[in-house]
Each structure stands twice: as C-alpha cells, then as structure tokens.
Amino acid sequence: MARLKTFRKRTAYRAGLFIKYHLAKKEKSPVFLIATRRTGSNFLLGLLNSVHGISFLSEVLHPDMYYGVRSSCITKRAVLRHIEHSLNSCEDRLCGAKLLLIHMQLHRLGPDDLRKRFPQARFIVLYRRSLVRQFISLKFAEKTGD
C-alpha cells in the first residue's frame with residue numbers, strides 16, 4: 001500500500017517537474033552538496049536555505065521518497081535528467097541539491113558525470129573529520145530510528 005502511494009506521488013511529482021521544465025526552462029548554475037550520512041548535511045542545508053536568494057533541494061536521488069529516483073531499472077541519463085528538472089523547479093537563480101554518496105553509487109553516478117551534464121556546477125563535499133564518530137552516530141541513529 002505504501003509503495004503504491006509513493007508510486008502515485010512520484011508519478012504526479014515527476015509529471016509536474018517535466019511540464020514546468022518544458023514550459024519555463026531556466027538557466028541555472030547549480031551547487032551540489034555531496035555528503036555521506038551523519039555528516040551534518042541537513043544542518044548545512046537548513047542554513048543555506050535560510051539565506052535569501054538561495055534554494056537547495058534535499059536528496060533528489062533518494063529512492064524511498066516521492067521526489068527521488070527509484071533504485072532500479074533507470075538509466076544514468078534519466079537520473080541526470082531528473083536532477084536537471086528538479087533544479088529547474090527552484091525559484092532562485094542560485095540553487096543546488098544535496099546528493100548522498102550512497103544514492104549516487106546506487107545509480108553509478110560520479111562527480112565527473114555531474115560535471116559533464118552541468119559544466120558550470122560547483123561542489124561542496126561534506127565529510128566528518130572523525131570516521132569513528134560518524135560511524136557511532138550512524139549506529140546510534142539506526143537504533144533510535146533518528
């Protein structure tokens with residue numbers, strides 16, 4: 001039931017992105033925030049979105065979210081097109097998207113693929129200095145459902 005609901009929401013959302021892209025295509029100079037889990041990326045996303053004139057999208061590749069991309073039977077070209085259509089939906093000229101490394105790997109997508117599709121793109125790579133603390137934080141989050 002939940003999968004069907006996600007499918008319907010995703011279909012409607014993607015149709016809206018497609019229509020908006022083709023009716024009002026805007027030139028964007030995207031910024032990609034590439035991160036792994038438990039690195040503070042949601043905190044940074046909140047800070048960036050609080051600045052007037054900047055819009056950042058959250059995890060546009062997340063396979064379990066309606067605004068994301070399913071995890072199988074989708075080409076790299078379609079994934080890049082989804083990112084482009086999603087960025088076009090931002091109202092601000094300076095916009096970006098948070099991409100988790102695990103979702104990029106799921107679609108065999110790397111920074112070079114993003115650079116080819118978006119030559120003007122800038123990148124923020126977010127990582128945590130202590131991998132041990134990141135791992136502990138991840139395990140704690142999994143246990144508590146955070």
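Here are some notes on the fold, the packing and a few individual residues.

1. Ground rules. This is a predicted model, where local features need pLDDT of at least 70, side-chain atom pairs count only at pLDDT 80 or more, and totals for chains, interfaces and linings use all residues. Residues are numbered from 1 along each chain as its sequence is written, and side-chain values use heavy atoms, with hydrogens and water left out.

2. The sheet. Four strands make an open, parallel sheet in the order β2-β3-β1-β4. Helices (H or I, at least four residues) and strands (E, at least two) are DSSP runs, numbered from the N terminus, and two strands pair if DSSP finds at least two bridges between them. The edges are β2 (54-57) and β4 (122-126); each has a single partner strand, so one side of each is left without a neighbour in the sheet. On average, neighbouring strands are turned by 20° against each other, direction ignored. (Axes are lines fitted to C-alpha atoms, for helices over the stretch in contact, and angles run from 0 to 180 degrees between N-to-C directions.)

3. Strand β2. What joins this edge strand to β3 (residues 94-100)? Four bridges do, and the two strands run parallel. Leucine 57 sits opposite alanine 97 of β3, and serine 55 is opposite cysteine 95 of β3. Both faces of β2 are covered, with Ile54 and Phe56 buried on one side and Ser55 and Leu57 buried on the other. Buried here means under 20% relative accessible area, exposed means over 50%, and partly exposed is in between (1.4 Å probe, protein chains only). From β2 the chain crosses through α3 to β3, a right-handed β-α-β crossover; with the strands pointing away from the viewer, the path from the first strand over the helix to the second runs clockwise.

4. Helices on the sheet. Helix α2 (residues 41-49) packs on the sheet and touches β1 (31-35), β2, β3 and β4, its direction making about 150° with that of β2. Contact means heavy atoms within 4.5 Å. Helix α3 (residues 76-88) lies across β1, β2 and β3, at about 140° to β3.

5. More on α3. Its 13 residues reach 18 Å from first C-alpha to last, close to the 18 Å expected at 1.5 Å a residue; the expected span is 1.5 Å times one less than the number of residues. How much of α3 is covered? Mostly: ten of the 13 residues are buried. Polar side chains are on that list too, including His82, Glu84, His85, Ser86 and Asn88. The cover includes α1 (2-23), β1, β2, β3 and α5 (111-117).

6. The cores. A nonpolar core is a set of buried Ala, Val, Leu, Ile, Met, Phe, Trp, Tyr and Cys residues joined through side-chain atoms within 4.5 Å. The largest has 21 residues, of which Phe32, Leu61, Ile83, Leu87, Leu109 and Leu114 touch the most other members. β1, α3 and β3 are the elements giving two or more residues to this core, and α3 gives the most, with five. Apart from it lies another core, of nine residues, among them Leu33, Ala35, Leu45 and Leu100. Back in the largest core, leucine 114 touches Phe32, Ile34, Leu80, Ile83, Leu99, Met104, Leu109 and Phe123, leaving aside residues up to four places away in sequence.

7. Leucine 126. This residue lies in β4. Its C-alpha is separated by 7.1 Å from that of leucine 33, though the two are 93 residues apart along the chain. Not counting residues up to four places away in sequence, leucine 126 touches Leu33, Ile34, Ala35, Thr36, Thr39, Gly40, Ser41 and Leu44.

8. The loop between β1 and α2. Glycine 40 has its place here and is partly exposed, with a relative accessible area of 36%. Arginine 38 is found in this loop as well; at 30% relative accessibility, arginine 38 counts as partly exposed.

9. Positive phi. Most residues other than glycine have a negative phi. Arginine 38 has a positive one, near 65°, and phi of glutamate 59 is also positive, near 45°. Glutamate 59 is in the loop between β2 and α3 and counts as buried at 13% relative accessibility.

10. Histidine 103. Which residues does it touch, not counting those up to four places away in sequence? They are Glu59, Leu61, His62 and Pro63. Histidine 103 lies in helix α4 (residues 101-106) and is buried, at 8% relative accessibility.
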